[in-house]
Amino acid sequence: MARLLVVLVPAIAGAEAGVDFSNAVVAVSSAMAHSLKETTTGTYEGDMFMGGSRLHASCSCKEDTQALPAQSLAPMAAAAQCFVEKVKVRQDHRGSGMALAEVSALFGDGALTPAHEVSLVKVQDVPLSCLDDRMQEGVVATPGGDLGEFILAIDSYNDMLPVAGGTAVRAITQEMVDSYLQRYLKSLPSNRKFQACTDDNAVQHIQQQLQIEGLNIADPAANVRDDVFKLLSQPENIGDLHLKLLLRNPDWYHLDPHLTGHAIRAFYRVLWDQSSPLRGKLDLKVLSGDHNPAAFVEVSTSQKCDKAGMAPKLIPRSKGKSLFLSHLDAASMRRAELAAFFCEQGGRDVAREGERGSAPAPFGSTWVAGSGGHRKPGCQRAALLLAGICLATGWRSGTVGTPAIGDGVEEGK
């Protein structure tokens, strides 16, 4: 399987060459300001050029229009400078799948053309989808989706927590993972889902084990729910390749051997709870068919898009081609968010033990008795440490997450 890197390069707002029509979101550029002339009170019209095209623009401004505050304009200005002008495709490893020329034809290579239009989204507003070549919609993807990132974040966080009695690391319990997931779901933006994947093969395997038919894995019947719940942590009953690998080979990722099963059960426990307001935050994708990836494609963006928090939505399976897509920079953004979240959890967790006088301060911070938390410098350091560990795909030096699939580790091997 070939492994390639696709880099999306944005144009610089206001540059003479490469100003794309999508950059019209810039409020009033200097070019627009000089092109539009006032025709009547509050109305402006004129011709302007963008991306080599002549456009006629008209703007009506009401007298009672108020200027947006500076803090509202800042993120708009950053996002306005992130739009795709060029695509660069590089092949890291040769394989028997798609050739470099085929990937270039699919995504473009060089100046972007209308045939290779790219949809950019704010990473903080979209779920991270699983790394799966059967997805037929635009996604921002990472191994295991949101659930995969959450599992690795818990493990890194647990490694950093102070422990008493000389224990190397504290045990991760089901109750801990349930609590962390529910707190994290509450912290998400109101318009964002938390996504995980399975497939019809995994559902079929559960049905065979229980000798039942018509299982709705998103909401099982009450008489089989407990039995299904007990089977969820078996690799054969998981349709996501990355989560299956975490279950089968936790030592590859230096994971607590029970963590992945705890996290999967925590996800389904919320999903199946009809009375939980958090249920609507979850998105379970049940994929159909078999894997047939022709390439492993890592997607990266420029610094301008990173700063704006933007990433491209791409389709893993389209035009007769099927790919593994991994959005490296988008995953790093989500890991920074998780680092900040677990940093705050560190204050809560240590507070419980600190009140009993048994816990040292976490991450080099200073414990403040009765404060219910710890000082900011230590918290910031924890976030930086966790985010730094997560920059590599595998979260730790010496381990690699996505290439494990891309280099030929397949289901059942």
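A residue is called buried here when its relative accessible area is under 20%. By that cut-off, 13 of the 14 residues of helix H9 are buried, so H9 is largely enclosed by the rest of the structure. The model is a predicted one, and the paragraphs below start with the chain as a whole before turning to single helices, loops and residues.

The chain has 413 residues, and buried residues account for 48% of them. Its secondary structure consists of 13 helices and 15 strands. If contacts between residues at least 6 apart in sequence are considered, 71% of them join residues at least 24 apart. The accessible surface of the chain is about 19900 Å², and carbon and sulfur atoms contribute 52% of that area.

One pair of helices can be followed in detail. Two packed helices are described by the angle between their axes and the distance between the axes. Helix H4 covers residues 145-160 and helix H5 covers residues 174-187; their axes come within 12 Å and cross at roughly 115 degrees. The crossing of H4 and H5 is right-handed. On the H4 side, the residues that meet H5 are Phe150, Ile154, Tyr157 and Asn158. Their partners in H5 are Met176, Val177, Tyr180, Leu181 and Tyr184. Sorted by class, this contact contains eight nonpolar residues, one polar residue and no charged ones.

An α-helix has 3.6 residues a turn, so residues three or four places apart point the same way. The buried residues of H5 include the five that meet H4, namely Met176, Val177, Tyr180, Leu181 and Tyr184. Gln174, Asp178, Arg183 and Leu185 of H5 are buried as well. H5 has 14 residues, and from its first C-alpha to its last it reaches 20 Å, close to the 20 Å expected at 1.5 Å a residue.

Helix H9 gives a similar picture of length. The end C-alpha atoms of H9 are 20 Å apart, which agrees with the span that its 14 residues should have at 1.5 Å a residue.

The loop before H9 contains a residue with an unusual backbone angle. His254 lies between helix H8 (241-248) and helix H9 (259-272). Its phi is near 55 degrees, a positive value in a residue other than glycine. His254 counts as partly exposed, because its relative accessibility is 49%. In sequence, His254 is 98 residues from Ser156, yet the C-alpha atoms of the two are separated by 9.6 Å.

A second loop residue has a positive phi. Gln211 is not a glycine, but its phi is about 55 degrees. Gln211 sits in the loop between helix H6 (200-210) and helix H7 (222-231). With a relative accessible area of 70%, Gln211 is exposed.

Helix H7, which follows that loop, contains Arg225. How exposed is Arg225? Arg225 is partly exposed, because its relative accessibility is 22% and the buried class requires a value under 20%. Leaving aside residues up to four places away in sequence, Arg225 touches Asp219, Pro220 and Trp272. Arg225 and Trp272 are 47 residues apart along the sequence, while their C-alpha atoms are 8.9 Å apart in space. Trp272 brings the account back to H9, whose residues run from 259 to 272.

How values were computed
Residues are numbered from 1 along each chain as its sequence is written. This is a predicted model: local features need pLDDT of at least 70, side-chain atom pairs count only at pLDDT 80 or more; totals for chains, interfaces and linings use all residues. Side-chain values use heavy atoms; hydrogens and water are left out. Axes are lines fitted to C-alpha atoms, for helices over the stretch in contact, and angles run from 0 to 180 degrees between N-to-C directions. Helices (H or I, at least four residues) and strands (E, at least two) are DSSP runs, numbered from the N terminus. A crossing is left-handed if the near helix is turned anticlockwise from the far one by less than a right angle, and right-handed if clockwise. Contact means heavy atoms within 4.5 Å. Ala, Val, Leu, Ile, Met, Phe, Trp, Tyr, Cys and Pro count as nonpolar, Asp, Glu, Lys and Arg as charged, and the others, Gly among them, as polar. Buried means under 20% relative accessible area, exposed over 50%, partly exposed in between (1.4 Å probe, protein chains only). Accessible areas come from the Shrake-Rupley method with a 1.4 Å probe; for residues, only the protein chains shown count as cover. The expected span of a helix is 1.5 Å times one less than its number of residues.
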